[in-house]
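Here is a structure to be read with some care, through questions about why particular labels apply to particular residues and elements.

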Amino acid sequence: MPVRTFVRLCLFAVALSAVSGQVTAQESETSGFAKPVGVVELFTSQGCNSCPPADKFFAELAGRDDVIALAYHVDYWDYLGWHDTLSTKDNTERQYAYMRAFGARSIYTPQAVINGRTHVNGANRNAVQGAMGMLKSSGNGMVVPIRVTREGDGVVIETGEAEAGSDLPDTAHLVLAYFEPPQTVEIGRGRNRGREMTYWNAVSSMQTAGMWHGKALRYELPASEVMKKGGCAVLLQSVAKDGLPGPIIGAAVINSPKR
């Protein structure tokens, strides 16, 4: 999958500037490592008439500095007469992978997957926020800190290490989820015909950039690749032996200076 762009460091909002690369005041004064409240992955579609309330709530989450919010537009509603302009086959496959990982029998929209551990109706504000709070308080939140900085022509990603005695997985993948800048779409056909919606953080591609083995690591990517579109989330996600996605244990995101 192609490498795309890089967006805001959520919670500490590392605002990358192509010139200065300065960190905002929301970054930790001591370490600069981020531990957001949680990661919300919304599976949605422009052709699903149950999705607009979830999309509007998701826009609020995308504007928060303490949440990593990613929208995966799926393609299986396209048969109703409107092709989702942001959908990809890979997004649909990721949702099916979560279905198998959760032992579920079907997929649905709007579905919000929280921290790769559980799922709720993406339009249910209380359920989404409650799941994030419950997972954080139970130690199943973002427990591995991640820092993203600009160094010359590169973007550097640094991960923390597992705490002694923790039950974290031995390994995890460093996953880059590249997403589009906000886009307003006029829906011309299908169940949402006549609606005009603004969609945030629509994932366009994903890539595994490396492996984490419980120790602090440092990765570097070309800044030219990181700055191409709306942004890119950094997810530290465990993956089962059968390739199915598991818990997300660390995350950060960088916003494009254009945003």
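The questions and answers below concern a predicted model, and they set computed values against the cut-offs behind each label.

Q: Why is the contact between Arg147 and Glu158 called a salt bridge?
A: The closest N and O atoms of Arg147 and Glu158 are 3.0 Å apart, and the label requires a side-chain nitrogen of Lys or Arg within 4 Å of a carboxyl oxygen of Asp or Glu, so the pair qualifies. The pair links distant parts of the chain, with Arg147 in strand 5 (residues 146-151) and Glu158 in strand 6 (residues 154-159), 11 residues apart.

Q: What makes Glu158 buried, and what makes Arg147 partly exposed?
A: Glu158 has a relative accessibility of 17%, and because buried means under 20%, Glu158 falls in that class. Arg147 has a relative accessible area of 22%, which lies between the limits of 20% and 50%, and Arg147 is therefore partly exposed.

Q: How do you know that Arg218 and Glu151 form a salt bridge, and which parts of the chain does the pair tie together?
A: The N to O distance between the side chains of Arg218 and Glu151 is 2.7 Å, which is within the 4 Å limit, so the pair counts as a salt bridge. Arg218 belongs to strand 11 (residues 217-222) and Glu151 to strand 5, and the pair therefore ties together parts that are 67 residues apart in sequence.

Q: Why does the pair of Arg218 and Glu220 count as a salt bridge?
A: The side chains of Arg218 and Glu220 meet at 3.9 Å, N to O, and because the cut-off is 4 Å, this value is within it. Glu151, Arg218 and Glu220 are thus linked in a network of salt bridges. A search of the whole structure finds 6 salt bridges.

Q: Are Glu151, Arg218 and Glu220 buried, partly exposed or exposed?
A: The relative accessibility is 38% for Glu151 and 46% for Arg218, while Glu220 has a relative accessible area of 48%. Because exposed means over 50% and buried under 20%, Glu151, Arg218 and Glu220 are each partly exposed.

Q: What makes strand 5 and strand 11 edge strands of their sheet?
A: The sheet is open and has 3 strands in the order 5-6-11, with antiparallel pairing. Strand 5 and strand 11 each have a single partner strand, so one side of each is left without a neighbour in the sheet. Neighbouring strands of this sheet are turned by 20° against each other on average, direction ignored.

Q: How do you know that strand 5 and strand 6 are paired?
A: Strand 5 is joined to strand 6 by 6 bridges, and the two run antiparallel; because pairing requires at least two bridges, the condition is met. Within this pairing, Gly154 in strand 6 is the bridge partner of Glu151.

Q: What makes strand 10 and strand 12 pairing partners of strand 7?
A: Strand 7 (residues 172-179) is joined to strand 10 (residues 203-212) by 8 bridges, and to strand 12 (residues 231-239) by 7 bridges. Both pairings are antiparallel, and because at least two bridges are needed, each count satisfies the condition. Leu176 has bridge partners in both strands, namely Gln207 in strand 10 and Val234 in strand 12.

Q: Why is strand 7 called mostly covered?
A: Of the 8 residues in strand 7, 7 are buried, where buried means under 20% relative accessible area.

Q: How is the packing of helix 1 and helix 3 described, and which residues make the contact?
A: Two packed helices are described by the angle between their axes and the distance between the axes. For helix 1 (residues 52-62) and helix 3 (residues 125-137), the angle is about 35° and the axes are 11 Å apart. The contact is made by Phe57, Glu60 and Leu61 of helix 1 and by Arg125, Val128, Gln129 and Met132 of helix 3, and these residues divide into 4 nonpolar, 1 polar and 2 charged.

Q: Why is Pro53 called partly exposed?
A: Pro53, which is found in helix 1, has a relative accessible area of 45%, and because this lies between 20% and 50%, Pro53 is partly exposed.

How values were computed:
Residues numbered from 1 in each chain as written. Predicted model: local features only at pLDDT ≥ 70, side-chain atom pairs only at ≥ 80, totals over all residues. Heavy atoms only, no water. Buried < 20%, exposed > 50% of the residue type's maximum accessible area, 1.4 Å probe, protein only. Helix = DSSP H or I, 4+ residues; strand = E, 2+ residues; numbered from the N terminus. Axes fitted to C-alpha atoms, helices over the stretch in contact; angles between N-to-C directions. Contact = heavy atoms within 4.5 Å. Nonpolar A, V, L, I, M, F, W, Y, C, P; charged D, E, K, R; others polar.
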